[in-house]
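Please examine the structure shown below together with its sequence. The paragraphs after it give a guided reading of selected features.

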Amino acid sequence: MEKEAREERWHALPTDEIFKVLKTSEKGLSEEEAKKRLSSFGENKIEFKKKSYVKLFLEQFKSPLVIMLIVAALISYFISLMPGRHEHLYDSLLIFAIVIANAIFGFTQEFKAEKALEALAKLASPYAIVLRSGELKKIKSEELVPGDVIMLYAGSIVPADARLLETQELAVDESSLTGESMPVRKQAITLKVETPLAERKNMVYSGCTIVRGQAKAVVVATGAKTEMGKIAKEISQQEEKETPFEQELTSLSKKISLVILGIIIFIALVQIIRNPQEPITIFLTAIALAVAAVPEGLPAVVTLSLALGTRVMVKRKALVRKLSVVESLGSVDVICTDKTGTLTENRMTVTKLYFNNRLYEVTGTGYELVGEFLWRGKKIQAKELVPLLEAGAVCNNAVLQKNPIGDPTEIALLVSAAKAGIRPNYKRVLEIEFTSERKMMTTVVEKEKKLVAYSKGAPEILLEKCSHIYEGGRIKPLSKKKKEELLKLNEALASQALRVLAFAFKNISKTFLEKRNQKMIEHDMVFLGFQAMIDPPRKEVARAVRICKKAGIKVIMVTGDNLVTAMAIAKQIGIGVRAMEGKALDKLDEKEMREVVEETDIFARVSPHHKLRILKALQANGHVVAMTGDGVNDAPALKAADVGIAMGQRGTDVAREASDMILLDDNFATIVEAVRQGRTMFVNIRNFVNYLLTSNFAEVFAVFFASLAGYLPITAVQLLWINLLTDGFPALALGVDPPRKDVMQKKPKPKEEGIINKRLGWLIGAIGMKKTIMLLAIFFIGLSRGLETARTMLFTGFVLYEFVRIAVIRYQEKLSWLSNKWLLYAMALSILLQLLVIYTPLGVFFGVTKLGLWSWSILLGGIAIGWITALWITKIVIRYVG
């Protein structure tokens with residue numbers, strides 16, 4: 001207990017006591033001791049609760065549809081053991097083969113997703129710089145142990161929780177852990193025991209990024225003992241949620257099971273009334289017909305369609321971890337999204353300059369080094385702005401390279417200077433560092449054999465340090481009136497959500513430098529101007545938000561940033577401006593919270609705890625919510641969301657593990673494309689459920705009613721051929737139908753609406769019955785040419801009727817036949833296979849005969865009548881059922 005208590009207060013222990021507790025020193029551990037500790041503490045990595053490959057494979061069998069097929073296969077097998085029922089063995093074996101093939105396919109897709117996630121995880125903090133026996137070494141971060149002394153540099157990811165020993169201008173991005181959007185200044189000091197985690201300036205935490213400076217620190221916790229590890233453990237202990245689509249499949253399976261049970265009871269009752277002497281035969285016949293009613297191809301078609309959807313989404317930068325999530329996205333009616341990096345570029349960009357009494361605009365976004373400088377809309381020569389741009393580049397600790405390193409604000413200043421071709425390389429002789437108290441920074445450099453001090457900082461602070469202003473190439477006194485004008489301009493720029501920095505310079509003597517008198521150096525400075533910047537919205541986001549609105553999806557911005565900035569970005573991209581800060585949410589009870597989430601577009605200055613409350617309130621109101629997040633503390637909300645979306649580029653491993661989907665490009669527009677794909681998948685699934693169940697309905701009742709007249713109109717082998725091959729290929733092709741043009745112009749389907757809604761139920765029943773009547777008519781007409789001909793005509797009629805059913809579905813959906821080439825290929829293949837069965841020696845195995853012109857004229861005439869009546873029924877159902 002005493003050891004655990006000490007572990008919780010590393011921030012409050014003096015350095016010498018930490019060394020004593022950890023049995024280490026400033027020179028670090030020896031290699032021998034490090035190996036012992038690695039054996040004792042384990043590797044420095046977070047062990048997520050991974051599913052074994054066996055469990056992942058077995059999970060493919062938990063779908064109610066698959067369970068229903070397994071039951072049907074077992075029944076068929078036991079029936080086949082009875083005398084004269086051996087043909088049911090083929091039925092049983094084929095159903096089992098479908099179930100296994102479906103499981104392998106689903107397993108393969110989810111296995112690939114997990115492997116892709118592991119590949120992403122390997123990108124995070126692979127190495128650490130450590131002192132071993134006083135010598136610096138580069139080792140894998142997994143090999144770090146408590147007591148190791150590590151070195152941290154700008155751009156590196158903190159590999160473990162550590163107490164700082166020495167710092168040099170250290171600033172850390174802790175947003176992934178605490179939600180704090182701005183880099184936090186760190187110092188090697190001792191703090192009070194009660195200091196909260198977010199304010200522990202002497203600690204650095206695993207997974208956070210060094211933005212600026214460097215440091216020396218001693219590792220106090222690794223792996224699961226780190227703050228990130230503790231949260232990961234909590235997340236892994238939460239139960240897996242069932243996706244909306246999994247719930248819909250369960251509902252569909254129950255409906256199909258009830259229908260099959262109804263068929264068994266109905267057939268058994270009718271047959272018992274007719275032949276009360278043969279109850280066992282009647283029962284077996286009813287069971288056999290019920291098995292025929294099971295859509296054997298449905299699970300495979302669902303799995304394949306979802307898998308193809310995931311492939312399309314990966315190409316569009318969305319990695320889906322679970323197949324069922326694809327369709328769940330189609331049900332989303334609220335998207336709660338971060339601002340930074342998702343709606344915006346996550347790259348501060350200088351957009352306005354004030355210099356020489358003029359306000360200029362700067363073009364180009366992000367880290368593009370190409371841009372123009374405009375005054376009143378006209379391009380000007382960049383040399384006019386050299387003094388201001390040079391000041392921003394010199395008073396700067398960032399590094400501009402392919403992947404820039406440093407504070408985002410300072411990178412923006414380097415980029416704006418680079419657009420003008422300015423990349424100064426003056427020798428720095430002194431730096432007076434930025435602190436949150438001073439709100440300014442100064443560097444002294446040697447420029448043309450002179451010493452020049454350049455300062456940047458908050459306008460209200462820096463203007464107080466200035467007594468002169470640089471205008472028209474000359475230094476003039478800075479009047480009180482001019483200062484007031486400049487402060488008003490600062491306010492005007494800030495109201496546009498721009499972050500404004502002021503710049504000044506001063507020529508100094510060596511005496512100033514030798515005395516290192518900070519106040520003297522930063523006194524009587526010459527004001528140069530302002531550089532105003534913003535993290536701009538991504539170009540494609542405004543259009544994506546408009547698409548969401550047309551699609552009936554509400555977009556809510558949930559950000560840790562300030563209210564003014566959030567509102568400015570929201571206004572630019574069209575989200576809305578009804579806003580509230582996180583602290584106001586703390587005063588609301590659950591009832592008030594549920595009302596507020598319906599009336600608010602922007603939640604600013606929110607913590608991860610607020611995110612979870614917003615999510616739960618929306619879900620309590622009946623919404624299907626997609627929630628984005630990148631930090632460790634976002635993980636509970638991602639786990640609880642209907643669709644949790646983590647960031648691939650800036651997200652943490654913990655957030656990715658808690659998510660259902662990962663944005664590989666961190667882009668909001670990718671979510672909208674994923675929703676489009678999800679809606680398309682749902683429509684396609686509904687269409688092939690319509691197609692398959694209508695076919696099965698007709699099969700069962702055609703056999704039943706013909707049997708009442710004393711005939712077996714179609715054999716078990718012929719039924720299997722229809723269900724698995726001739727029905728199966730077109731059903732698979734329906735699963736890859738392209739998105740409809742209006743798919744994102746309709747409201748999301750109601751949460752409680754399943755795959756088979758009221759309209760689809762009526763269509764399946766009415767068209768299924770019409771198909772039964774048409775096919776029975778063909779059968780009885782064919783009897784005039786013999787039973788074998790009648791059976792072959794009915795057998796072929798089922799296959800040809802695919803054209804009618806699919807044609808009506810495409811008419812309903814307003815889809816061109818040419819929009820899906822796979823459907824044309826599948827239907828051509830179905831016809832070809834059927835012709836092969838009829839007109840080759842294969843016919844012997846199916847008990848068919850060759851059809852002549854008379855038979856084909858009856859079939860084609862029936863198809864024409866079927867097409868007309870199917871269209872008529874569809875129009876009536878759509879008009880009266882809705």
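What follows is a walk through strand pairing, backbone angles, salt bridges and surface charge.

The coordinates belong to a predicted model, and every value quoted here was computed from them.

A convenient place to begin is strand β7, which spans residues 209-221. How many of its 13 residues are buried? The count is ten, so that the strand is mostly covered, where buried stands for a relative accessible area under 20%. Strand β7 has pairing partners that can be followed residue by residue. Strand β3, residues 149-153, pairs with β7 in the antiparallel sense over five bridges. Strand β4, residues 161-173, also runs antiparallel to β7 and is joined to it by ten bridges. Residue A215 of β7 serves as a reference point in both pairings: L152 stands opposite A215, and T167 stands opposite A215 as well. As background, side chains in a regular strand alternate between the two faces of the sheet.

The next topic is backbone conformation in loops. K317 lies in the loop between α11 (298-315) and β8 (318-320). Its phi is near 75°, a positive value in a residue other than glycine. With a relative accessibility of 43%, K317 counts as partly exposed, because that value falls between the 20% and 50% limits. A further case is N356, which is found in the loop between β10 (349-355) and β11 (358-362). N356 is not a glycine, yet it has a positive phi of about 55°. The relative accessible area of N356 is 31%, so this residue too is partly exposed.

Attention now turns to charged side chains. Side chains of opposite charge can pair when their charged atoms come close. Within a limit of 4 Å between nitrogen and carboxyl oxygen, the count comes to 27 salt bridges. One of them joins the side chains of E174 and K186, at 2.7 Å from N to O. E174 lies in the loop between β4 and α7 (175-178), and K186 in the loop between β5 (184-185) and β6 (203-204), so the pair ties together parts that are twelve residues apart in sequence. Are these two residues buried or exposed? E174 has a relative accessible area of 1% and is therefore buried, and K186, at 2%, is buried also.

Another salt bridge links K456 and E410, again with an N to O distance of 2.7 Å. K456 belongs to strand β16 (residues 450-457) and E410 to helix α14 (residues 408-419), so this contact ties together parts that are 46 residues apart in sequence. Both K456 and E410 are buried. The salt bridge between K379 and E372 has an N to O distance of 3.9 Å. In this pair K379 counts as exposed, because its relative accessibility is 60%, whereas E372 is partly exposed at 36%. Salt bridges can also be linked to one another: E31, R132, K137 and D148 form such a network.

The last stop is a group of like charges. Which residues gather in a patch of negative charge on the surface? They are D589, E592, E595, E598 and E599. E595 has its place in helix α22, residues 590-599. The relative accessible area of E595 is 46%, so it is partly exposed, and it passes the 30% limit that membership of a patch requires.

Note on methods. Residues are numbered from 1 along each chain as its sequence is written. This is a predicted model: local features need pLDDT of at least 70, side-chain atom pairs count only at pLDDT 80 or more; totals for chains, interfaces and linings use all residues. Side-chain values use heavy atoms; hydrogens and water are left out. Patches are made of residues with over 30% relative accessible area and no salt bridge: like charges are joined within 9 Å, nonpolar side chains (Val, Leu, Ile, Met, Phe, Trp, Tyr) within 5 Å. Accessible areas come from the Shrake-Rupley method with a 1.4 Å probe; for residues, only the protein chains shown count as cover. Lys and Arg count as positive and Asp and Glu as negative; His and the chain ends are not counted. The place of a charge is taken as NZ of Lys, CZ of Arg, CG of Asp or CD of Glu. Helices (H or I, at least four residues) and strands (E, at least two) are DSSP runs, numbered from the N terminus. Buried means under 20% relative accessible area, exposed over 50%, partly exposed in between (1.4 Å probe, protein chains only). Two strands pair if DSSP finds at least two bridges between them.
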